[in-house]
Amino acid sequence: MKLGILLIALLLAACAPSQESDKLQVVATTGMVGDLAKNIGGEFVEVKALMGPGVDPHLYKASEGDVQTLSEADLIFYSGLHLEAKMGDVLEEMGERAVPVTRTLPREELLDFPPFENQYDPHVWFNVHYWRQAAQVVLDELVLRDPTHADSYRQNAETYFKQLDELDASVHSKAETLPPEQRILVTAHDAFRYFGREYGFQVIGLQGISTQAEAGTRDVQELVNFIVSKKIKAIFVESSVPERNLKAVQEASRAQGWDVQIGGQLYSDAMGDAGTFEGTYIGMVTANIDTIVGALGDENASG
Ligand SMILES: [Zn+2]
């Protein structure tokens, strides 16, 4: 009897795929997408994200190694809506294994993406409701590809959905501690328009929506006049965009007699370091709202 079991075990091992791990091999483009796959896949998936902290997805090109990694994956998740603007062809070559997590978002609700026509603003992860829908896409796809572990994926998703609901409520309540006239968010590029619409901020990006657009597209002087006239306390740099342009805005505002602060660094198109709280989606969103409220709120007034 024991020998029989051993034989069966040996036979099963021989039939298993030649991969070192029997986990589902998932590749994600951005850290945020990878984080979704980790949270919902849990112990049954191995997730590799191509883009690390500080990497700009608008400009990222797949290396030869990336193409190899993508070819070997069981499943590929990417953000979509042309966020990965330079990876379109590579992702297309991967066929149905490559899934955009923004697939089900209602297009009529999405913002435009000037100067591109017929494209949508891809920065949907800053509306937590939208990212919850993205999580649902990840769940559906994992269940489809690996039905054996469907129950586990559903349980993980249930837990994660609750955490996202709590996150959304906490961003709303923190935002509401600021008087409406102080809810003005000036950043390096226009990554926060969905955030602004959902949580009640007027949002102005110096560089336009995509970092592909030339810097200085927006009239710097116009922005400086706006900051000075509204007495905006702080403007924000971003982890994945060089800060020199915002420094120039700060200098010009000071020259007009208004000492606007650099309010800190926001995580826009990339998360923080792996292994830290900011290296998770929930952590990046939490860090951002705390940085924003801290710099624009009255408690932090520098006079
Ligand atoms: Zn962006």
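This is a tour of a predicted model, one selection at a time.

**The whole chain**

Start with the protein chain in cartoon view. The chain has 10 helices and 10 strands. Of its 303 residues, 42% count as buried. Take the contacts between residues at least 6 apart in sequence: 63% of these join residues at least 24 apart.

**Strand β1 and its partners**

Select residues 24-28, which form strand β1. Is this strand mostly covered or mostly open? It is mostly covered, with 4 of the 5 residues of β1 buried.

Now add residues 45-49, strand β2. β1 and β2 pair in the parallel sense, over 5 bridges. To find the register, show V26 in β1 and look for V47 in β2, which stands opposite V26. Between the two strands the chain passes through helix α2, residues 31-41. This β-α-β crossover from β1 to β2 is right-handed.

Next add residues 75-78, strand β3. β3 also pairs with β1 in the parallel sense, here over 3 bridges. Keep V26 on display: its bridge partner in β3 is L75.

**Helix α2**

Stay with the crossover helix and select α2 alone. How many residues of α2 are buried? The count is 11 of 11, so α2 is largely enclosed by the rest of the structure. Among the buried residues are D35, K38 and N39, along with M32, V33, L36 and I40. The glycines G31, G34 and G41 are on the buried list too.

To see what surrounds α2, show β1, β2 and β3, then the helices α5 (128-145), α6 and α10; the buried residues of α2 pack against these elements. Then step just past the end of α2 to G42, which takes a positive phi of about 55°.

**Helices α6 and α10**

Two of those neighbours can be viewed as a pair. Select residues 150-175 for α6 and 281-296 for α10. Their axes lie 10 Å apart and make an angle of about 5°. An angle under 35 degrees counts as roughly parallel, so α6 is roughly parallel to α10.

For the contact itself, show side chains. From α6 come Q163, L167, V171, K174 and A175; from α10 come I282, V285, I289 and V293. The residues of this contact divide into 7 nonpolar, 1 polar and 1 charged.

**Two non-glycine residues with positive phi**

Select L81, in the loop between β3 and α4 (88-93). L81 is not a glycine, yet its phi is positive, about 55°. L81 has 21 other C-beta atoms within 10 Å and is therefore buried.

Then move to N118, in strand β6, residues 116-120. N118 is not a glycine either, and it has a positive phi of about 55°. Is N118 buried or exposed? With 6 C-beta neighbours inside 10 Å, N118 counts as exposed.

**V237 in strand β9**

End at residues 234-238, strand β9, and pick out V237. V237 has 20 C-beta neighbours inside 10 Å. The cut-off for a buried residue is 20 or more, so V237 counts as buried.

Which residues does V237 touch, leaving aside those up to four places away in sequence? They are A188, E243, L246, I262 and Q265. Draw a distance from V237 to A188: the two are 49 residues apart in sequence, but 5.8 Å apart in space, C-alpha to C-alpha.

Methods. Residues numbered from 1 in each chain as written. Predicted model: local features only at pLDDT ≥ 70, side-chain atom pairs only at ≥ 80, totals over all residues. Buried ≥ 20, exposed ≤ 12 C-beta atoms within 10 Å, placed from the backbone. Pairing = 2+ DSSP bridges. Right-handed = clockwise from strand over helix to strand, strands pointing away. Axes fitted to C-alpha atoms, helices over the stretch in contact; angles between N-to-C directions. Parallel < 35°, antiparallel > 145°, perpendicular 65-115°, else oblique. Contact = placed C-beta atoms within 7 Å. Nonpolar A, V, L, I, M, F, W, Y, C, P; charged D, E, K, R; others polar.
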